[in-house]
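Visitor: I have a model open and would like to talk through it. Can you take me round?

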Amino acid sequence: MNTLYPIHDAGSAPAESRAALEATAVRLGKIPNLLGTMAAVPQLVNTFLQLTQAAETLTLPALEREVVALVAGVEVGCRHCIAMHTGVLKRLGAPQSLIAAIRAGSPLGDLRLAALRDFTRQVIVERGAVSDDVQSAFFAAGFTPVNGLEVVFLVSALSMSMYASRLAGVPLDDALKALAS
């Protein structure tokens with residue numbers, strides 16, 4: 001176990017993190033290692049969980065939100081994010097070819113999702129300075145300025161878990177190991 005960044009459970013976490021961990025354990029049947037690590041800072045784990053819940057109310061459909069999440073994980077190099085959002089995309093019925101292409105940075109057969117991937121990548125890599133060409137392609141694919149800001153919201157919310165995972169070197173949960181490669 002990493003002694004700098006321990007993985008907490010509801011008993012060892014700060015009191016302000018316990019309700020979130022207990023609710024997660026009820027919902028998922030366990031506390032994922034990443035949330036257990038984030039629980040060391042109640043503001044981090046609680047805000048992250050609130051933001052991920054709020055993300056479900058965005059106008060982007062679930063599949064497109066997960067494309068943003070997987071692209072973000074790939075761009076940042078977050079093993080947890082790549083594995084987690086690969087699994088969610090599979091549960092949503094996304095074709096394996098789409099998942100593999102996002103993970104490999106290969107061309108996507110779907111022009112709308114390709115525009116979403118390119119937009120998301122530039123939000124991350126260029127720190128919000130998305131080029132006119134990429135924005136034009138994004139809008140031509142049917143996305144709106146509101147959707148662009150929703151991508152910013154998603155990337156911002158996900159950054160908490162991506163950076164915490166990488167900083168702490170959190171080990172993958174058993175359920176994610178098969179999805180990581």
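Guide: We will go through a pocket and then some helix packing.

Visitor: What kind of model is this?

Guide: This is a predicted model, where local features need pLDDT of at least 70, side-chain atom pairs count only at pLDDT 80 or more, and totals for chains, interfaces and linings use all residues. Residues are numbered from 1 along each chain as its sequence is written, and side-chain values use heavy atoms, with hydrogens and water left out.

Visitor: How much space lies in the largest pocket?

Guide: About 1200 Å³. A pocket here is an open set of points on a 1 Å grid over the protein atoms alone, where a 1.4 Å probe fits, with protein on both sides within 12 Å along at least five of seven lines. The volume is the space filled by probe spheres set on the points.

Visitor: Which residues are closest to its centre?

Guide: Arg27, Phe48, Thr52, Met84 and His85, out of 37 that line the pocket. Lining residues have an atom within 4 Å of a point.

Visitor: And what classes make up the lining?

Guide: There are 21 nonpolar, nine polar and seven charged residues. Ala, Val, Leu, Ile, Met, Phe, Trp, Tyr, Cys and Pro count as nonpolar, Asp, Glu, Lys and Arg as charged, and the others, Gly among them, as polar.

Visitor: Which helices supply at least two residues of it?

Guide: Among them are helix 4 (62–76), helix 5 (79–91) and helix 9 (145–168). Helices are DSSP runs (H or I, at least four residues), numbered from the N terminus.

Visitor: New topic. How do helix 5 and helix 6 pack?

Guide: Their angle is about 160 degrees and their axes are 10 Å apart. Axes are lines fitted to C-alpha atoms over the stretch in contact, and angles run from 0 to 180 degrees between N-to-C directions. The two helices are therefore roughly antiparallel, a term for angles over 145 degrees.

Visitor: Which residues make that contact?

Guide: Ile82, Thr86, Leu89 and Lys90 of helix 5 meet Gln96, Ile99 and Arg103 of helix 6. Contact means heavy atoms within 4.5 Å.

Visitor: What about helix 4 and helix 9?

Guide: Those pack at about 45 degrees, with axes 10 Å apart. That makes helix 4 oblique to helix 9; oblique covers angles from 35 up to 65 degrees and from over 115 up to 145. Helix 4 contributes residues including Val68 and Ala72, and helix 9 residues including Leu154 and Leu158. By class, the contact has 10 nonpolar, one polar and two charged residues.

Visitor: Where do the axes of helix 4 and helix 6 come?

Guide: Within 9 Å of each other, crossing at roughly 35 degrees. Val67, Leu70, Val71 and Val74 of helix 4 touch Leu98, Ile99, Ile102 and Arg103 of helix 6.
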